[in-house]
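The following report concerns two helices of a structure and their surroundings. Please consult the sequence and the model alongside the text.

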Amino acid sequence: MTAKQRDACLADFLEFMNRKGLNTTSQRRIIAEAFFELPGHHSLEEFYQHILQRDPGIGQTTVYRTLKLLCDAGMAMEIHFSDGITRYEVARPDSHHDHLVCLQCGKIVEICDPRIEKLQRELAEKYGFKLRGHVHNLYGLCEACRAEAAQKDS
């Protein structure tokens with residue numbers, strides 16, 4: 001995400017807070033800025049550790065509540081993989097992707113393939129659905145974990 005896109009996301013979030021009559025505290029602003037700057041999928045604990053580097057005075061509850069507000073604003077998504085840990089990522093309406101998830105090490109790879117997107121649209125149309133969203137996660141073992149398992153078996 002470019003600096004211009006991050007600034008626009010932050011402005012949209014602050015506007016959302018205003019419309020809801022919520023305080024736009026400096027802590028919420030720091031959390032939102034950090035969220036838009038940090039790529040990938042992060043658990044609450046991972047993201048909280050990142051926030052502590054910026055401002056050690058921000059509590060975990062404030063981080064959690066701000067992440068929930070970002071989700072309510074449609075600017076963040078909660079993602080649930082097979083390990084039961086909730087992760088958060090920036091919700092970008094102009095960019096859709098799916099995930100490959102390693103069941104052993106937890107590695108997550110974002111994939112975007114127009115063929116998958118086309119097939120999803122075709123399936124929805126075939127069955128008379130209007131898509132509003134979806135989650136597509138593929139689970140398996142990454143190359144490194146497969147190699148490690150092969151070494152142990154040798």
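Which residue just after α5 takes a positive phi? That residue is G128, with a phi of about 75°. The model is predicted: local features need pLDDT of at least 70, side-chain atom pairs count only at pLDDT 80 or more, and totals for chains, interfaces and linings use all residues. Residues are numbered from 1 along each chain as its sequence is written, and side-chain values use heavy atoms, with hydrogens and water left out.

Helices are DSSP runs (H or I, at least four residues), and strands are E runs of at least two, numbered from the N terminus. The expected span is 1.5 Å times one less than the number of residues.

| Helix | Residues | Length | End-to-end C-alpha distance | Expected span |
|---|---|---|---|---|
| α4 | 60–72 | 13 residues | 18 Å | 18 Å |
| α5 | 114–126 | 13 residues | 18 Å | 18 Å |

In α4, V63, T66, L67, L69 and L70 are buried (under 20% relative accessible area, 1.4 Å probe, protein chains only). Seen down the axis, these residues fall within an arc of 160° (directions from the axis to the C-beta atoms), so they line one face of α4. On the other side, R65 and D72 are exposed (over 50%). The buried residues pack against α1, α2, α3, β2 and β3 (heavy atoms within 4.5 Å). G74, which follows α4, has a positive phi near 80°.

In α5, the buried residues are E117, Q120 and A124. They cover an arc of only 60°, which puts them on the same side of α5. Their cover includes β4 (98–102). The face turned away carries exposed P114, R115, E125 and K126.
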